[in-house]
Amino acid sequence: MALETLLFKVKTAISNSFDSVPPKLLKKKITSSTSFKNSKRNVAVLAFEIAGVMSKLLHLYHSLSDATIVRIRNDAVTLEGVRKIISNDESFLLGLACAEFTEALRVVANSVTRLSQRCEDHNLRDFHRAFLEFADSGRDTNGWVLSGPKEIEAKFRKMERYVMLTAALHREMEELSVLESGFRKALNLNHHHHHRRNSSSEVNEGSLGVGKEQKIYELQQKICWQKQEVKDLKDRCLWSRSFDGVVLLLVRFCFTVLARIKVVFGIGHSVPCLSPSLSTSATVYPSDQNSNSCHEFVSGSLEISELEEIKERFGSGFFESNSKLLKPPPSTLGASALALHYANLIIVLEKMIKTPHLIGLDARDDLYGMLPSSIRSGLRTRLKGIGFCASDPVLAGEWKDALGRILGWLSPLAHNMIKWQSERSFEQHNLVPKTNVLLLQTLFFANKQKTEAAITELLVGLNYIWRFEREMTAKALFECANFNGFIKSAKT
């Protein structure tokens, strides 16, 4: 019959398509031994993981551009909020920036280390040791630091192209999987429909209909075109590249990013000049400082005992000392795990202060429920002796100005805290951050006592202007009611 002949031809035509481009679930069936053998020849399915590592490396290098470093030195460390509740010591703040960049590179380098263990080249398998040696001593025995701006630019563009094409391959493979799944369902449905009609002796050669035959044929054509698109992208992206060659590219860029960090922060050992446009004014430190220069920090917001503790951390290796520097001292919000909570609290206060007339009793109770015991205690102390009357418009205006000034320097740190956290959340782990917010621009290293004092002041001011708005509204309603009563009595 025509129908059976059509179904047989279609199934035969695409029988190999499900094996040549497997769905996502088939990736899990690849054994570790097979994956290891294939990885020696080409990247294959590891292309998607490697593209993620490349994206992070590219973003990190871009974050170390001349413009970004100048912005950090001239803007980030001079933020009023940073100076008030974190530190007014520029060396300490720039050290935090250096440590955060270094820690980000360490995390990426760990991913490269895992990949390098699959390489045939012994030198690549030894990447981790060589990378630590370069970090601590500046020795680059394999010559892996890219030699100059032109070579860096060429490799940067090459990696960008690989990332873009690999992302496109992922999308096209997803689309192919959807098409194949739909085609299987269509075949099964029509086959089931055909047998049901055949069993009731109602089937004939034209029972399927021209429309359904055409739909199956069109799906078959779409799958063939999609398979060709996937094949073309595999040939052009990371999928078909030599595994050792791709890992070497990652390794060299790791070395280059580390060299860039040492250049822009003026750390110790001589490294190649990585950017002809990098002037002395663009670097954070003069280039002739020694290797410990970025670690000799003193913070005006830290206690003496905490400073001594920080100084004791710098006897270890480059990466370890920077990781320890990012550990917040006991007096900070980061150490007490309150940075994110206080950021949300400040943003809620900011909204309420802008529209105090819209604050209801429930919202007021919810706000009070967000307050830790330390702030509640401070608030009760501040409110003692303040009368219940809030009818002075001059005082209300002064409070609004004062709250505006506090929010002017405190609010940016709170918003930066939310941005920093959201970009590094579990859900966004594989995405490249869209902003360059650093920890030193957030509440993470903020002094807990000073931050709570500022929040308490916001609460006291909000309390006054909220009561002022309510009294003014009540007064207006009372006068309106009296006026309406006067009009009614005049009419009678």
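Colleague: Which residue takes a positive phi just after α10?
Modeller: A word on the ground rules: this is a predicted model, where local features need pLDDT of at least 70 and side-chain atom pairs count only at pLDDT 80 or more, while totals for chains, interfaces and linings use all residues. Residues are numbered from 1 along each chain as its sequence is written, and side-chain values use heavy atoms, with hydrogens and water left out. Helix α10 covers residues 127–137 (helices are DSSP runs of H or I, at least four residues, numbered from the N terminus). Just past α10, a positive phi of about 85 degrees belongs to G138.

Colleague: What do the buried residues of α10 pack against?
Modeller: Buried here means under 20% relative accessible area, exposed means over 50%, and partly exposed is in between (1.4 Å probe, protein chains only). In α10, the buried residues are F127, A130, F131, E133, F134 and A135. Their packing partners are α8 (90–116), α9 (122–125), α13 and α15 (318–325).

Colleague: There's a charged residue in that buried set. Which residue does E133 meet in a salt bridge?
Modeller: A salt bridge is a side-chain nitrogen of Lys or Arg within 4 Å of a carboxyl oxygen of Asp or Glu. E133 is buried at 17% relative accessible area, and its partner is partly exposed at 43%. Both lie in α10, 4 residues apart, about one turn of the helix. The N to O distance is 3.0 Å, and the partner is R129.

Colleague: Why would residues at that spacing point the same way?
Modeller: It comes down to the geometry of the helix. Residues three or four places apart point the same way because an α-helix has a fixed number of residues a turn, namely 3.6.

Colleague: Which residues are linked with R129 and E133 in a network of salt bridges?
Modeller: Searching the whole structure turns up 14 salt bridges. Some of them join up into a network that contains R129 and E133, and the other members are D126 and R139.

Colleague: How many residues apart in sequence are R260 and D66?
Modeller: These two form a salt bridge with closest N and O atoms 2.7 Å apart. R260 lies in α13 (residues 243–264) and D66 in α6 (residues 66–74), so the pair ties together parts whose separation in sequence is 194 residues.

Colleague: And is R260 buried or exposed?
Modeller: Its partner D66 has 15% relative accessibility, which counts as buried. R260 has 3% relative accessibility, and that counts as buried.

Colleague: Which helix holds E469, the partner of K400?
Modeller: K400 and E469 meet in a salt bridge, 3.6 Å from N to O. This pair links distant parts of the chain, 69 residues apart: K400 is in α19 (residues 393–423), and E469 is in α20 (residues 448–491).

Colleague: Back to α8: how far does it reach from its first C-alpha to its last?
Modeller: This helix is mostly covered, with 20 of its 27 residues buried. The expected span is 1.5 Å times one less than the number of residues, which for α8 gives 39 Å. The model comes close to that, with a reach of 38 Å.

Colleague: Which residue caps the N-terminal end of α8?
Modeller: Look for a side-chain oxygen beside the backbone nitrogen of S91. The two atoms lie 3.1 Å apart, and the capping residue is D89.

Conventions. Contact = heavy atoms within 4.5 Å. Polar contact = N/O pair within 3.5 Å; in protein donor to acceptor, adjacent residues only side chain to side chain.
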